[in-house]
Amino acid sequence: MAPRRIRPIETAVHLNVDGDEVLAERGEPVTVALTAAGRLTLCRSVKYHRPRGAVCFGGRCDGCLMRVDGVASVMTCRLPADDGMRVETQNVVGTAKRDLLAATDWFFPDGMNHHEMFTWNEAINKVMQKVARRIAGIGTLPDDVLAPTPSDEREVDVLVVGGGPAGLHAAAACARAGRSVLLVDEEPKVGGSLRWWPEPMPGIADALAQDALGAGVTLRSRSSVVGVYDPWEDVEGTEAEAPARRVGPPVAVVSGPDGVTRVRPRRTVIATGRHLGASAFEDSDQPGVVDLRAACLLLSHGVLIGERVALVGEGALVDGLEAALAAAGAKTVGPFAEADVLEARGRTSVDGVRVRDGDAERVHDCDAIAVLPPTSAVYELAAQAGVEVAFDGSGYELSVGEAGATAAPDVRAVGWATGAAIETLDAVRAQAEAAAAAIVEETA
Amino acid sequence: MSNKVLVCRCEDVTLGELEEALEKGHDDLESVKRYTGFGTGWCQGKQCVALVARLLVERGGKTPTLPITPRQPFHPVPLAHLAELVDEEEKA
């Protein structure tokens, strides 16, 4: 069985995928269109050339990298489908489904130890390094040398990172108080979890976006804050002779489809949400195993990941997906505790899940597996900006106080990144508006 | 596809390699990263850091209070975008 659309395409566009024509809804992510067309294997892993498909559908994994219009390693999960796009599998000898280099996977059933492999003879080691470099890696250079894209700079009172409900509320509240606000969001459409939650709330997402834009917030979609840097004054001599000093506010680098902007914000709001992470069981990396958010996101685009979906994990989100799949006409098995899941079965696509059942083991038929591992805050940018991050036994969390305050005086964190999920939308709003009020006061 | 338990998809690191690293005494998250290469691929650990931290604790490794140090850029950036950021003096 394969994934299928449960809603007809409204505005069809044609993609050329490895020479085949694939229909897509205009503007939906290319990976969603490929999934709906039953194309789950999109690329191959770097070392063993194991078949790979998208897991996260959210710019966090390696599963959707393809060559698009002559440019390698495009994350097709965030690329809106458009007519005539040329999408190609990269890094294979053959096709994505039959890659001759997959022999590497069989040659090394137990993995390879690159510390010791072929190290007993220098000449052989050199030869094998060359071989390894040909087999490994992702993508090759673009067809044409890309011209440098222009960059720009801007100063704002407040930079909000993440356009979910918390980020939108914080941005709107700061803008209403007269602060200049730039909101950066990675997805094609802002709204964050409101757009993919098992019971999505796109109406609320649209209303919050309108509210923020109406208040004067500048919105940058499909863009990431890829780093934040302290500007240092230029000094001659060694650090001991003339210690460098931080001059002015930090510079956040925003990267989007049209290039890079260097932003100097007086205050930064981290509303980056959560990493769903991964589960490790036998062949959990095979196409057809997706995270819970991906299964939900596909549903929001009118695509069923499978007819009989095994659920792994626990809690309200898993129960919500179970209900949403049932309402869409699919069957589910489980949910199973993550620790009990032993193997994703199937040779060319998922056909079962092997699960511990007391002292025995059982195989349940299924054609897709949706997992919800313990989640973590999206902490990377926050950590660099000075927010404390710590392991809580299952994932990494930000240390956040009243009104989103953090160890960094110019940074506050709000929303799902701090554990506030949208089941309590009023609480998310209250936290975001408290953070905004504090920022408005600090920047008076 | 041969049966494997992968703990880091991007760099194809197996559970066996993680356990081998532990056996050789690499019992903290940073050392495990340096020995196995987990978390150093396309996703830079977004998928695997918490998972490897949990697996490490379950196997008696040191509690990984901090994640591996996040390195910028936190999302892949085309070189064409960075080329324009070089200072005029440096270009000359």
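Q: Before the hairpin in chain A, when do two strands count as paired here?
A: Two strands pair if DSSP finds at least two bridges between them. The model discussed here is a predicted one.

Q: Which strand pairs with β2(A) in the antiparallel sense, and over how many bridges?
A: Strand β3 of chain A, residues 20-25, runs antiparallel to strand β2 of chain A, residues 12-17, and six bridges join them. Within this pairing, Val17(A) stands opposite Asp20(A).

Q: And what about the turn of that hairpin: which residue takes a positive phi?
A: Two residues lie between β2(A) and β3(A), and Asp18(A) takes a positive phi near 50° in this hairpin.

Q: In what sense do β2(A) and β8(A) pair?
A: The sense is parallel, with two bridges between β2(A) and strand β8 of chain A, residues 86-88. Here Asn16(A) stands opposite Arg86(A).

Q: Moving on to domains, what does the assignment give for chain A?
A: The assignment gives domain 1 (4-135), domain 2 (152-233 + 244-274 + 390-442) and domain 3 (278-371). The centres of domain 2 and domain 3 of chain A, taken over C-alpha atoms, are separated by 32 Å.

Q: How many residues does each of those two domains give to the contact?
A: Domain 2 of chain A gives seven residues and domain 3 of chain A gives 10 residues. On the domain 2 side, four residues are nonpolar, none is polar and three are charged.

Q: Is Gly214(A) buried or exposed, and why?
A: Gly214(A) counts as exposed because it has 11 C-beta neighbours inside 10 Å, and the cut-off for exposed is 12 or fewer. Gly214(A) belongs to helix α5 of chain A, residues 202-215. Its C-alpha is 9.2 Å from that of Ala175(A), although the two are 39 residues apart in sequence.

Q: Now the other chain: how many residues of chain B are in contact with chain A?
A: There are 44 residues of chain B in contact with 53 residues of chain A. Elements of chain B that give two or more residues to its side are β1 (6-8), α1 (15-23), α3 (49-58) and α4 (79-83). The largest share, five residues, comes from α3(B).

Q: What is the make-up of that side by class?
A: The side of chain B that touches chain A has 24 nonpolar, 11 polar and nine charged residues.

Q: Last topic: which residues of α2(B) are buried, and what covers them?
A: In helix α2 of chain B, residues 29-36, the buried residues are Leu29(B), Val32(B), Lys33(B), Tyr35(B) and Thr36(B). Their cover includes β2 (13-14), α1 and α3 of chain B. Just after α2(B), Gly37(B) takes a positive phi of about 85°.

Definitions and conventions:
Residues are numbered from 1 along each chain as its sequence is written. Chains are lettered from A and ligands numbered from 1 in the order in which they are written. This is a predicted model: local features need pLDDT of at least 70, side-chain atom pairs count only at pLDDT 80 or more; totals for chains, interfaces and linings use all residues. Helices (H or I, at least four residues) and strands (E, at least two) are DSSP runs, numbered from the N terminus. Ala, Val, Leu, Ile, Met, Phe, Trp, Tyr, Cys and Pro count as nonpolar, Asp, Glu, Lys and Arg as charged, and the others, Gly among them, as polar. A residue is buried if 20 or more other C-beta atoms lie within 10 Å of its own, exposed if 12 or fewer, and partly exposed in between; C-beta atoms are placed from the backbone. Domain bounds come from an automatic or database domain assignment.
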